[in-house]
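Student: I would like to learn how to read a protein model one feature at a time. Please take me through this one.

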Amino acid sequence: MNKPWAVVKHVSFEGPALVGTLLAEWGFRYTEYPMYRASELPAAHDIGGLVVMGGPMGALDDVTHPQLPRERNFIKKIVDAGLPMLGICLGAQLLAASFGSPIRRGPSPENGAGTVTVSDDGTRDPVFGAVGAEVPVVHWHGDTFDLPDGAVRLASSRLYENQAFAIGRRAYGLQFHVELTREQLPVMQAHMPPGTAPSGEHMDDVEAAGRNMIGSFLDLAES
């Protein structure tokens, strides 16, 4: 029996969305850990993989969010153990921070419908290699980070060079969102800056890219 995956949440309205759908389609069980309720994290040896979702806080906002040091230590332990790990938005920043990278404000907030450009290394990557040169995404962030030592840059945008990266063989950080679908449009309209929520048509393109990218990640997780 496969061990259940852990899905770490930071706010109630940012759930696993398409990631949860695809975990179920691939036959992976998962348990959500709502850190905004002071949830306890599982032991690394009790899970099969880790997904860390987004949130409005910064990855180093330890004073106002005292669970963050535990999360960073947990992420480091999971990646060092060779388990599959996917960090989305804040989750990507936490992954970078857990390997010693500074987190800082970006040049300006990046919100709404957009794309990222896959790097040369990304075209050879098992997760990014089949998604095409330009990937439709949802941007919803204002922080950025340096690449951790040994990490590989997989995608960039005009404003943010480090939009996606990999550490080792099975740990990925995505600054952008491809786990969102049309179903999450009410959440985006309620919580994103006014006027920045994407159209339904863009969300259809994002979901298609997300199914490809997340599906490839889960294929890699099984290998």
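Student: Which residues of helix 1 (residues 18-25) are buried?

Tutor: First, the ground rules: this is a predicted model, in which local features need pLDDT of at least 70, side-chain atom pairs count only at pLDDT 80 or more, and totals for chains, interfaces and linings use all residues. Residues are numbered from 1 along each chain as its sequence is written, and side-chain values use heavy atoms, with hydrogens and water left out. Buried means under 20% relative accessible area, exposed over 50%, and partly exposed in between (1.4 Å probe, protein chains only). Helices (H or I, at least four residues) and strands (E, at least two) are DSSP runs, numbered from the N terminus. An α-helix has 3.6 residues a turn, so residues three or four places apart point the same way. In helix 1, Leu18, Val19, Gly20, Leu22 and Leu23 are buried.

Student: What covers the buried residues of helix 1?

Tutor: The cover includes strand 1, strand 2, strand 3, strand 4 and helix 6, where contact means heavy atoms within 4.5 Å.

Student: How should I read the backbone around this helix?

Tutor: Look at phi. Most residues other than glycine have a negative phi, and most peptide bonds are trans. Glycine 27, which follows helix 1, has a positive phi near 85°. Alanine 17, in the loop between strand 1 and helix 1, has a positive phi near 50° and is not a glycine. Cysteine 89 is another non-glycine with positive phi, about 60°; it sits in the loop between strand 4 and helix 3 and is buried, with a relative accessible area of 5%.

Student: How many helices and strands does the chain have?

Tutor: There are 6 helices and 9 strands. The radius of gyration is taken over C-alpha atoms, and the globule rule is 2.2 Å times the number of residues to the power 0.38. For this chain of 223 residues the radius is 16 Å, close to the 17 Å of the rule, so the chain is as compact as a globular protein of that length. Its C-alpha trace spans about 40 × 40 × 35 Å along the principal axes, and 57% of the residues count as buried.

Student: What is the order of the strands in the sheet?

Tutor: Two strands pair if DSSP finds at least two bridges between them. Here an open sheet of 9 strands has the order 2-1-3-4-9-8-7-5-6, with mixed pairing. Strand 2 (30-34) and strand 6 (134-145) are the edge strands, each pairing on one side only. Angles run from 0 to 180 degrees between N-to-C directions of axes, which are lines fitted to C-alpha atoms, for helices over the stretch in contact. With direction ignored, neighbouring strands are turned by 20° against each other on average.

Student: Which pairs show the mixed pairing?

Tutor: Strands 1 and 2 pair in the parallel sense over 5 bridges, with tryptophan 5 partnered by tyrosine 30. Strands 5 and 6 run antiparallel and are joined by 11 bridges; one of the partnerships is arginine 104 with threonine 144.

Student: Is strand 1 (residues 5-9) buried or exposed?

Tutor: In strand 1, 5 of the 5 residues are buried, so it is largely enclosed by the rest of the structure. One face carries Trp5, Val7 and Lys9, and the other Ala6 and Val8. The edge position of strand 6 does not leave it open: 10 of its 12 residues are buried, so it too is largely enclosed.

Student: Which residues are in contact with leucine 94?

Tutor: Leucine 94 is found in helix 3 and is buried, with a relative accessible area of 0%. Leaving aside neighbours within four places in sequence, it contacts His10, Val52, Ala59, Leu68, Glu71, Arg72 and Ile75. Leucine 94 and alanine 59 are 35 residues apart in sequence and 5.3 Å apart in space, C-alpha to C-alpha.

Student: Which members of the largest nonpolar core touch the most other members?

Tutor: In soluble globular proteins, nonpolar side chains tend to be buried together. A nonpolar core is a set of buried Ala, Val, Leu, Ile, Met, Phe, Trp, Tyr and Cys residues joined through side-chain atoms within 4.5 Å. The largest one has 42 residues, and Phe128, Tyr172, Phe176 and Met213 touch the most other members. Helix 6 (residues 200-222) gives the largest share, 9 residues. A second, separate core of 30 residues includes Leu68, Phe74, Val79 and Ala96.
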